[in-house]
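Okay everyone, thanks for coming. I've got one structure to walk you through today, so let's put it up on the screen.

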Amino acid sequence: MTQHSHHHGGHHGGHTSAHEAALPDLLDLDAEIFGSYLDQVADWAGLRVRETPHRVVDVGAGTGAGSLTLARRFPAAEVVAIDRSEVMLERIRTAAHAQGLADRVSGVHADLNAGWPAVEAADVVWAASSLHEVADPDRVLRDMYAALNPDGVLVVVEMDALPRLLPDDLGMGRPGLESRCHEALARMDWNAHPNWRGHIERAGFVDVEERNFTSEATPAPPSAGRYAHTFLSRVRSALDGRLAVDDRDTLDRLLSDDGPDSVLHRGDLTVRGSRTAWIARR
């Protein structure tokens, strides 16, 4: 993985190499700004496990925000981060070393579309914003079931909707730019995923629970400008030729590095996001 080929877990498809090169930074910024849900979901998983976890597997780990959260939450556990990107895995190794967790966090280079890697049985399998990226999620869920110890816990997390960063009225162009962009991206199946409950149950899991977690910050943190610039650059690229001329021009003004309307310098950015998590037991 990143069973991540767009962003947010699901990264959004069809991007240039420049966008892909910027993806690790975008994922780290996303975790910095919206990552409060990670501790909440990890705590919830901690309430569901019946014994102290000794091995946790993070599927489609990206830059490792989830892996490191899990390592802190389960201090007796080895955390195995699976990703198909060596760049992402190197980010995880660097971050784990910086946080004093290198002895418990390891990386496995694997593409789940080719099959489940040779990883020892786990007590927790965690898939945040990655399950919708695989070609056959039902097969991967069966693989996850087989990879868990009896009474092991599965955690699946998805983004409910794309992040909200802009005020409705920017004072430039027509109000509602962000909503129109999100509607256009939805028509392209950006971040599309089902409610995984039925799929999880069909894979053999029981005791499925579902919860929503929201992230909101007012005022937006200092890094919100960099996040908005990187994320909206991907949006601008994906919607090239699909936006009205005035919306395209407004986006270009927002994405200028030095212009007065640039998201890098605005004081009216917002931070609003939400995730859905499903937890189940083998």
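**Around Thr 276**

So I'll start at one residue and zoom out. Leaving aside residues up to four places away in sequence, Thr 276 touches Val 156, Val 157, Glu 158, Asp 160, Glu 210, Arg 211 and Asn 212. Before I go on, keep in mind that this is a predicted model.

Where does Thr 276 sit in the fold? You'll find Thr 276 in strand β9, which runs over residues 271–281. And is Thr 276 buried or exposed? Thr 276 has 6% relative accessibility, so it counts as buried, the cut-off being under 20%. One of those neighbours, Asp 160, deserves a second look: its side chain makes a polar contact with the side chain of Thr 276, at 2.3 Å.

Okay, zooming out to the chain. We have nine helices and nine strands here. Of the contacts with a separation of 6 or more, 79% are between residues 24 or more positions apart.

What about overall dimensions? The C-alpha atoms fill a box of roughly 55 × 40 × 35 Å along the principal axes. The radius of gyration is 19 Å, and that agrees with a compact globule, because 282 residues would give a value near 19 Å. Buried residues make up 55% of the 282.

Last, the surface and the charges. Accessible surface is about 11800 Å², and carbon and sulfur atoms hold 48% of that. The chain carries 29 positive and 43 negative charges, and the mean positions of the two sets are 3 Å apart.

That's my tour, thanks.

Key: Residues numbered from 1 in each chain as written. Predicted model: local features only at pLDDT ≥ 70, side-chain atom pairs only at ≥ 80, totals over all residues. Heavy atoms only, no water. Helix = DSSP H or I, 4+ residues; strand = E, 2+ residues; numbered from the N terminus. Rg over C-alpha atoms; globule rule 2.2 N^0.38 Å. Buried < 20%, exposed > 50% of the residue type's maximum accessible area, 1.4 Å probe, protein only. Contact = heavy atoms within 4.5 Å. Areas by Shrake-Rupley, 256 points an atom, 1.4 Å probe, with all protein chains shown as cover. Lys, Arg positive; Asp, Glu negative; His and termini not counted. Charge placed at Lys NZ, Arg CZ, Asp CG, Glu CD. Polar contact = N/O pair within 3.5 Å; in protein donor to acceptor, adjacent residues only side chain to side chain.
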